[in-house]
Amino acid sequence: MPPRRTFGSRWWGRAWVEALEQRAKLDPNRLPRGRTYARKGVVDELAVSAGEITAWVRGSRPEPYRVAIRMREFSAREWEKLLDVAGRRLGHAAALLDGELPEELAVQAREAGADLLPGPGDLRPRCSCPDSANPCKHVAAVYYLVADEVDADPFVLFTLRGRGRDEVLAQLREMRTPSARQVRAPEVGLTPKKAYSRRIAPLPPLPAVPGEPGPPAVLDLDPPARTGLTSAALAALAADAASLALDLLHTRDALADLTFAEDLARRAARPGTDVFGLAEAADVAPSELIVAAQAWREGGRSGLAVLRETWSPGPGPMAAARAELAELPGEVKVWRNRVTVGPVQLRYGRDSRWYRFVRVAGQWWPDGPPAGQPVDLAYPAES
């Protein structure tokens, strides 16, 4: 036996059904018949418009019955209360823009006196059937099927209160922008000559660059579940963006055009980063990311580049390095931009600096900051 048809899979769809059965003061003896009728699939052409639900319901007669249900629309004062609640917290507006209805918003709106869900006297049905009961089974069937409409789009609740999605979202956006009354009107009749003859006011001094990035804003609620994001993940991204912005202000380095691999190494190099979790998310080997993070800590972009690439700088720098390393025990091997002797390797970067690497567990590991001369790095590895 297939499972019994239910109404409302999202919380706002279920809340519509709950309001019908508990808060709207409908005849509890008539609603069960409506549920049964709704499960039979006899309702056609259900439509929702501002303050009204219409449908055709097939009954015992050849011609279907016409059902029209009016829902009390909000007054201007009630809309003001609802929009004030929705616009007060950025998370509420963001969720609505994403097609979600936060349960907290619905509760706060009800407490403010602008309940989106039907209450006593809000629903006024008409049906062309001869049954004088309120509701008849045809109306009750439509009531339950509206839960599917609300499930698919919670803005149905707003529409039934008199305003549709576009109008509500436009009003929320308007609430978050400066009022037109606060914007100074341009002078009327200002000629180009007068404009160019005006004295230019000095620019205000730039604020001092902060010593450390500030904390990210606290989100009111988690993003919708279907995005796969969490408040913690977004806060981590925001904190990283603030840290990168501060680096740009302090160093003026070209960090804004980082490649994916460079930005991954930069993030992994930050203190407190979960390198293993970051490696899993980026689908790279943890050992590879750990070495890349170390290279970034020692030399930034250039340190990472010298870790991963080889190139031919010409004989001059390499001859100097060979001479510096000649006093060390072991054979000096020169290959392209790398000079190796025993467990020490010096790599010449495109920034004309030398980078020291040591052999650790069969892998070359960045060992300290770069230097301008190979002699500054040509010393045995510490035991």
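Q: In strand 7, which residue is the bridge partner of threonine 340?
A: The bridge partner of threonine 340 there is glutamine 345. Before we go on, this is a predicted model, where local features need pLDDT of at least 70 and side-chain atom pairs count only at pLDDT 80 or more, while totals for chains, interfaces and linings use all residues. Residues are numbered from 1 along each chain as its sequence is written, and side-chain values use heavy atoms, with hydrogens and water left out.

Q: What does the chain average in pLDDT?
A: pLDDT is the predictor's confidence in each residue, from 0 to 100. Here the chain averages 83, and 91% of the residues score at least 70. Over residues 180-187, though, pLDDT stays under 50, and the model has 1 contact beyond four places in sequence for that stretch. A contact means heavy atoms within 4.5 Å.

Q: Back to those strands. Over how many bridges do strand 6 and strand 7 pair?
A: Some reading rules come first. Strands (E, at least two residues) and helices (H or I, at least four) are DSSP runs, numbered from the N terminus, and two strands pair if DSSP finds at least two bridges between them. Strand 6 (residues 338-341) and strand 7 (residues 344-348) pair over 4 bridges, in the antiparallel sense. Besides the partners we started with, valine 341 has valine 344 as its bridge partner in strand 7, and arginine 338 stands opposite arginine 347. The hairpin these two strands form has 2 residues between them, and glycine 342 in its turn has a positive phi of about 60 degrees.

Q: What order do the strands of that open sheet have?
A: The order is 5-6-7-8-9, an open sheet of 5 strands with antiparallel pairing. At its edges sit strand 5 (332-335) and strand 9, each of which pairs on one side only. From one strand to the next, the twist averages 25 degrees.

Q: Which helices pack on the sheet, and at what angle?
A: For angles, axes are lines fitted to C-alpha atoms, for helices over the stretch in contact, and values run from 0 to 180 degrees between N-to-C directions. Helix 13 (residues 286-308) touches strand 6, strand 7, strand 8 (354-360) and strand 9, and its direction makes about 75 degrees with that of strand 9. Helix 14 (residues 315-325) also packs on the sheet, touching strand 5, strand 6, strand 7 and strand 8; its direction makes about 15 degrees with that of strand 6.

Q: How many residues of strand 7 are buried?
A: Buried means under 20% relative accessible area, exposed means over 50%, and partly exposed is in between (1.4 Å probe, protein chains only). In strand 7, 5 of the 5 residues are buried, so the strand is largely enclosed by the rest of the structure. In a regular strand the side chains alternate between the two faces of the sheet. Strand 7 has both faces covered, with Val344, Leu346 and Tyr348 buried on one side and Gln345 and Arg347 on the other. Strand 6 has both faces covered too: Arg338 and Thr340 are buried on one side, Val339 and Val341 on the other.

Q: Which strands pair with these two on their other sides?
A: Strand 5 pairs with strand 6 over 4 bridges, in the antiparallel sense, with valine 332 opposite valine 341. Their hairpin has 2 residues between the strands, and arginine 336 takes a positive phi near 55 degrees. Strand 7 is joined to strand 8 by 5 antiparallel bridges, and glutamine 345 has phenylalanine 357 as its partner there. The hairpin of strand 7 and strand 8 has 5 residues between them, and serine 352 in the turn has a positive phi of about 65 degrees.

Q: What does aspartate 367 touch?
A: Aspartate 367 is found in the segment after strand 9 (363-366), and is partly exposed at a relative accessible area of 28%. Not counting residues up to four places away in sequence, aspartate 367 touches Arg356, Phe357 and Val358. With the side chain of arginine 356, its side chain makes a polar contact (2.7 Å). That term means a pair of N or O atoms within 3.5 Å; within protein, one must be able to donate a hydrogen and the other to accept it, and residues adjacent in sequence count only if both atoms are side-chain atoms.
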